[in-house]
Structure formats: structure tokens, C-alpha cells
Amino acid sequence: DRRRRSRRRSRSRDRRRRRRRSPSSSSESSSDEEERRRRKEKKRKKKSSGFDVKTDDQQARAANIAMAQQALAAAQMLQQQGTLTRKARRIHFSGLPVGITPHVLRELVNKYMVSAKLCLPNAPNEMPVNEVNIGPDGRYAFVEFRSVYEAGNVLMLDGIQVMGSTLRIQRPKDYVPAPAEMLMQMVPPGIQNASAAALVTGGVSRTPA
């Protein structure tokens with residue numbers, strides 16, 4: 001009986017000791033868990049930092065691609081507009097003075113257009129002529145303007161005197177009116193790649209209608 005009682009007492013003491021130790025052990029276990037979480041968080045951050053750099057690079061590349069696509073789409077739209085309005089933006093000049101060059105004719109037309117206030121209202125002082133192509137005999141030229149509006153306005157200069165010659169400024173025979181909504185649309189120089197031969201001799205009439 002005594003042995004049994006002593007065993008019971010020892011067991012009860014052990015239980016009490018475990019109960020006393022349980023808060024500290026739980027705190028130790030919680031601190032261990034917290035430490036493990038911190039370590040995992042550090043590892044995760046290290047991994048994510050490298051991943052984030054790649055993601056940033058990918059985002060930058062994607063942004064550059066999107067910008068390039070937008071620029072290409074804008075250029076294609078301008079090219080389509082240039083093609084659609086080209087025959088309405090070209091004007092036939094005849095009676096050119098002997099020896100005049102495309103550069104000189106371009107500068108003269110730009111000067112007359114600006115001084116006569118025949119340019120686009122939103123760009124009154126900018127040069128309206130995109131391209132000048134003089135015929136083989138040097139007596140006529142096709143002048144391409146940046147807008148249908150300015151191509152129509154230059155007709156008001158018909159009959160002006162240039163270097164002792166009277167210029168005839170008229171629509172060419174292949175003139176095709178442009179859509180009304182494109183009247184003021186500007187087409188930058190070089191947007192439509194057409195050779196001088198195509199403009200002057202390639203199926204285009206040398207004399208206006």
C-alpha cells in the first residue's frame with residue numbers, strides 16, 4: 001500500500017510539474033514557430049526579389065512592344081490616309097521658268113502660300129509643300145502638298161509671275177476628291193513612297209484637265 005501511495009504521489013507531482021512547465025514550453029514552441037516563419041519569409045523575399053526583377057523587365061519589354069505597335073498603327077493609318085488623299089493633294093504646275101530646280105520651286109510655293117495665308121489655320125507658318133517633281137523637259141511639275149486643304153488653296157495663285165514666267169496652277173487629270181473629313185488632315189513628307197517617274201510619267205497625264 002505504501003508503495004502504491006508513493007507511486008501515486010510521484011505521478012501527481014509529475015503532473016503538477018508538467019502543468020507548471022506547459023506555459024513556458026508553449027511559449028518556446030510559439031517562439032520556435034515564429035522563428036521558422038521569419039526564416040521562411042526571408043527565403044521567400046530572396047526568391048521573390050529575383051522574380052520581381054524579371055517581372056519588371058518583362059513589363060518594360062511589354063510596354064516597349066505596345067508603344068512600338070501603337071507607333072506602327074499610327075504610321076499605317078497615316079500611310080492609308082496619304083494613299084487615299086494623294087490624288088487630291090497633288091497639283092499640276094506648268095509654264096515653269098527655264099532651269100528652275102525642285103528646291104527653288106518648293107521654296108517659292110511655300111513662301112507664297114505662307115505670305116498669302118493659304119496654309120492650314122492650325123499651322124499657318126509651316127511649309128505646306130511635301131514634294132516637288134519636275135518633268136523631263138523642265139517645263140511642268142507635280143507639287144504634292146501635306147493637306148487637301150492647302151492643295152485647293154494654291155489654285156488661287158494661278159497666273160502668278162515667277163522669274164519672268166507665268167505659272168499655270170491646275171488640278172491634274174487624275175484628280176480624285178478626298179473625303180470631306182480628310183480635308184484638313186496633314187500627311188507628313190515621305191509617308192507615301194512614290195518615285196518621281198511614277199508621279200511624272202508613269203501613267204499620269206502631263207497636262208491638266
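In what follows, Ala, Val, Leu, Ile, Met, Phe, Trp, Tyr, Cys and Pro count as nonpolar, Asp, Glu, Lys and Arg as charged, and the others, Gly among them, as polar. The structure described here is a predicted model.

With these classes in hand, the reader may turn to the interior. A search of the whole structure finds one cavity of 30 Å³ or more, and the space in the largest cavity amounts to about 30 Å³. Its lining is formed by Phe 93, Val 109, Tyr 112, Val 154, Leu 157, Ile 160, Leu 167 and Ile 169. By class, these lining residues comprise eight nonpolar, no polar and no charged.

One of the lining residues, Phe 93, leads to strand S1, which spans residues 90–94. Is this strand enclosed or open to its surroundings? Residues count as buried when their relative accessible area is under 20%. Five of the five residues of S1 are buried, and the strand is therefore largely enclosed by the rest of the structure. Arg 90, His 92 and Ser 94 point one way from S1, while Ile 91 and Phe 93 point the other way. Burial holds for all of them, whichever way they point.

Strand S1 has two partners to consider. With strand S3, residues 140–145, S1 runs antiparallel and is joined by five bridges. With strand S6, residues 168–170, S1 also pairs in the antiparallel sense, over three bridges. His 92 offers a convenient point of reference for both pairings. In S3, the residue opposite His 92 is Phe 142; in S6, the residue opposite His 92 is Gln 170.

Phe 142 takes the account further along, to the aromatic rings. A search of the whole structure finds one aromatic pair. Tyr 140 and Phe 142 form this pair, with their ring centres 6.2 Å apart and an angle of 90° between the planes. The arrangement is edge-to-face, because planes over 60 degrees apart count as such. Tyr 140 and Phe 142 are both buried.

A last stop is Met 127, located in the loop between helix H2 (102–115) and strand S2 (129–134). Met 127 has a relative accessible area of 41%, so this residue is partly exposed. Leaving aside residues up to four places away in sequence, Met 127 touches Asn 110, Val 114 and Arg 146. Met 127 and Asn 110 are 17 residues apart in sequence, yet the distance between them in space is 5.5 Å, C-alpha to C-alpha.

Conventions: Residues are numbered from 1 along each chain as its sequence is written. This is a predicted model: local features need pLDDT of at least 70, side-chain atom pairs count only at pLDDT 80 or more; totals for chains, interfaces and linings use all residues. Side-chain values use heavy atoms; hydrogens and water are left out. Buried means under 20% relative accessible area, exposed over 50%, partly exposed in between (1.4 Å probe, protein chains only). Helices (H or I, at least four residues) and strands (E, at least two) are DSSP runs, numbered from the N terminus. Two strands pair if DSSP finds at least two bridges between them. Rings of Phe, Tyr and Trp (its six-membered ring) pair if their centres lie within 6.5 Å; planes under 30 degrees apart count as stacked, over 60 as edge-to-face and the rest as tilted. On a 1 Å grid over the protein atoms alone, a cavity is a set of points where a 1.4 Å probe fits but cannot get out, and a pocket is an open set with protein on both sides within 12 Å along at least five of seven lines; lining residues have an atom within 4 Å of a point. Grid points are joined across faces, edges and corners, and a volume is the space filled by probe spheres set on the points. Contact means heavy atoms within 4.5 Å.
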